[in-house]
Amino acid sequence: MTIYDISEKAGVSIATVSRVLNGSNNVSEKTKKKVLDVISQYEYRPNAFARGLGLNTMRTIGIMCADSSDLHLAKAIYYIEQNLRGKGYDSILCCTGYGLEAKVSSMNLLITKKVDGIILVGSNFIYEKEADNAYIRESATQVPVMLLNAALDVPNVYSVVSDDFTSMYNATLQMIRTGVEDILYYYNSDSYSGKKKLAGFRAAMEEKRPASPQALVQYYPGSHEDIPAMARQLKTLAGKGLSFHGVIAADDTLALAAVKFAREMGYRIPEDFSVLGYNNSMLAVCCEPELTSIDNKLESLCQHLTSTLMGVLEGNEMPKKTIFSGEIVKRGTTR
């Protein structure tokens with residue numbers, strides 16, 4: 001018996017059941033009795049949802065991240081932990097890597113630790129095959145699951161995302177308008193977010209440059225820390241005759257590699273070669289000229305995510321999905 005079963009049998013929402021378990025006054029006596037009768041009939045034992053009753057709540061949130069050495073993900077973890085601490089919650093961090101088996105194992109570990117909720121940081125936790133998302137669906141029957149920059153339409157799963165498609169679409173149009181003829185898209189992830197960015201780039205190119213070759217979309221398979229290797233890949237592409245005088249990168253690390261490549265080729269930036277990154281990380285001011293990058297509003301995303309989680313834990317009806325718009329921060333690597 002789960003909170004979902006109670007919701008279905010009592011004919012009320014999950015949030016209403018949660019409010020009853022929390023002892024909230026925002027429930028009519030009639031509805032409260034209906035829920036409590038179901039609980040009594042099926043001998044339901046509240047777990048992490050019974051915050052107001054003080055049963056099995058640890059005031060602890062589980063956080064899962066594929067790789068905390070990634071600058072973007074590390075910053076997200078920092079924002080989330082700071083927000084949770086301000087709400088009186090501790091956190092347990094699991095760095096899972098990118099394999100499904102390790103993610104399932106970490107999720108099960110957090111459930112056994114009786115956390116009050118689980119936050120999945122980054123878009124690598126969502127899979128195209130529905131069966132591969134079962135670990136999230138099953139965990140959400142016990143605690144609320146929050147997705148940062150990914151979405152999954154499952155009960156008790158809440159998503160806060162950046163509109164990566166539109167951000168990349170607008171960035172591509174802007175570079176085209178500045179007169180860059182041959183733009184290469186450089187990416188390193190096929191995650192939920194990665195697919196949205198690539199789709200945004202392709203949509204803009206098909207609209208304005210329908211004859212652009214597929215070769216101007218390039219995937220980098222190596223370490224996200226090896227900027228020289230990224231620059232070498234671009235140099236190899238150029239050596240094979242691929243012509244490009246602009247790079248739009250899926251993150252700032254790839255964009256820095258493009259700046260390095262341009263310098264080695266003797267290009268003037270931005271007169272001969274334009275570069276645009278993504279995430280507006282601290283790396284954007286670590287090159288000369290400084291990097292134009294898309295700010296995906298990470299701090300606002302994390303703040304809204306934790307606020308949504310707190311609302312869910314308090315038994316409030318909260319939006320299932322919230323979308324933030326990114327913003328191009330113009331610096332010296334674009335015209």
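Asn149 sits in the loop between strand S4 (145-148) and strand S5 (157-162), and in this predicted model Asn149 has a positive phi of about 65° although it is not a glycine. The loop between S4 and S5 also holds Asn156, for which phi is positive as well, at about 70°, again in a residue that is not a glycine. With a relative accessible area of 10%, Asn149 is buried, and Asn156, at 4% relative accessibility, counts as buried too.

Two prolines also call for attention in the backbone. The peptide bond from Ile269 to Pro270 is cis, with omega near 5°, and Pro270 is found in the loop between H10 and strand S9 (274-278). The peptide bond from Glu288 to Pro289 is likewise cis, with omega near -5°, and Pro289 lies in the loop between S9 and strand S10 (292-295).

The backbone features described above are gathered here.

| Residue | Feature and value | Loop |
|---|---|---|
| Asn149 | positive phi, about 65° | between S4 and S5 |
| Asn156 | positive phi, about 70° | between S4 and S5 |
| Pro270 | cis bond from Ile269, omega near 5° | between H10 and S9 |
| Pro289 | cis bond from Glu288, omega near -5° | between S9 and S10 |

As for open space, the largest pocket holds about 780 Å³. Its lining is made up of 37 residues, of which Asp70, Asn124, Asn188, Ser189 and Asp251 are the closest to the centre of the pocket. At least two lining residues come from each of helix H4 (71-86), helix H8 (192-208), helix H10 (252-264) and helix H11 (298-313). By class, the lining of the largest pocket divides into 17 polar, 13 nonpolar and seven charged residues.

The second largest pocket holds about 270 Å³ of space. Its lining includes Leu71, His72, Lys75 and Tyr79, together with Asn279, Asn280, Ser281 and Met282, and also Asp295, Lys297, Leu298 and Glu299. Two elements, H4 and H11, give two or more residues to the lining of the second largest pocket, and H4 gives the most, with four residues. The lining of the second largest pocket has four nonpolar, four polar and four charged residues.

Which residue has the cysteine sulfur closest to that of Cys95? The closest is in Cys65, 5.2 Å away, and because a disulfide requires the two sulfur atoms to be within 2.5 Å, this separation is too far for a bond. Cys65 is accordingly in no disulfide, and the count for the model comes to zero disulfides. The surroundings of the two cysteines can be described separately: Cys65, at 0% relative accessibility, counts as buried, whereas Cys95, at 44% relative accessibility, counts as partly exposed.

The confidence of the prediction should be kept in view when these features are read. The mean pLDDT of the protein is 92, and 96% of its residues reach 70 or more. Over residues 48-56, however, pLDDT stays under 50, and for these residues the model has 29 contacts beyond four places in sequence.

Key: Residues numbered from 1 in each chain as written. Predicted model: local features only at pLDDT ≥ 70, side-chain atom pairs only at ≥ 80, totals over all residues. Heavy atoms only, no water. Buried < 20%, exposed > 50% of the residue type's maximum accessible area, 1.4 Å probe, protein only. 1 Å grid on protein atoms, 1.4 Å probe; cavity = no way out; pocket = protein on both sides within 12 Å on 5 of 7 lines; lining within 4 Å. Points joined across faces, edges and corners; volume = space filled by probe spheres on them. Nonpolar A, V, L, I, M, F, W, Y, C, P; charged D, E, K, R; others polar. pLDDT = per-residue confidence, 0-100. Contact = heavy atoms within 4.5 Å.
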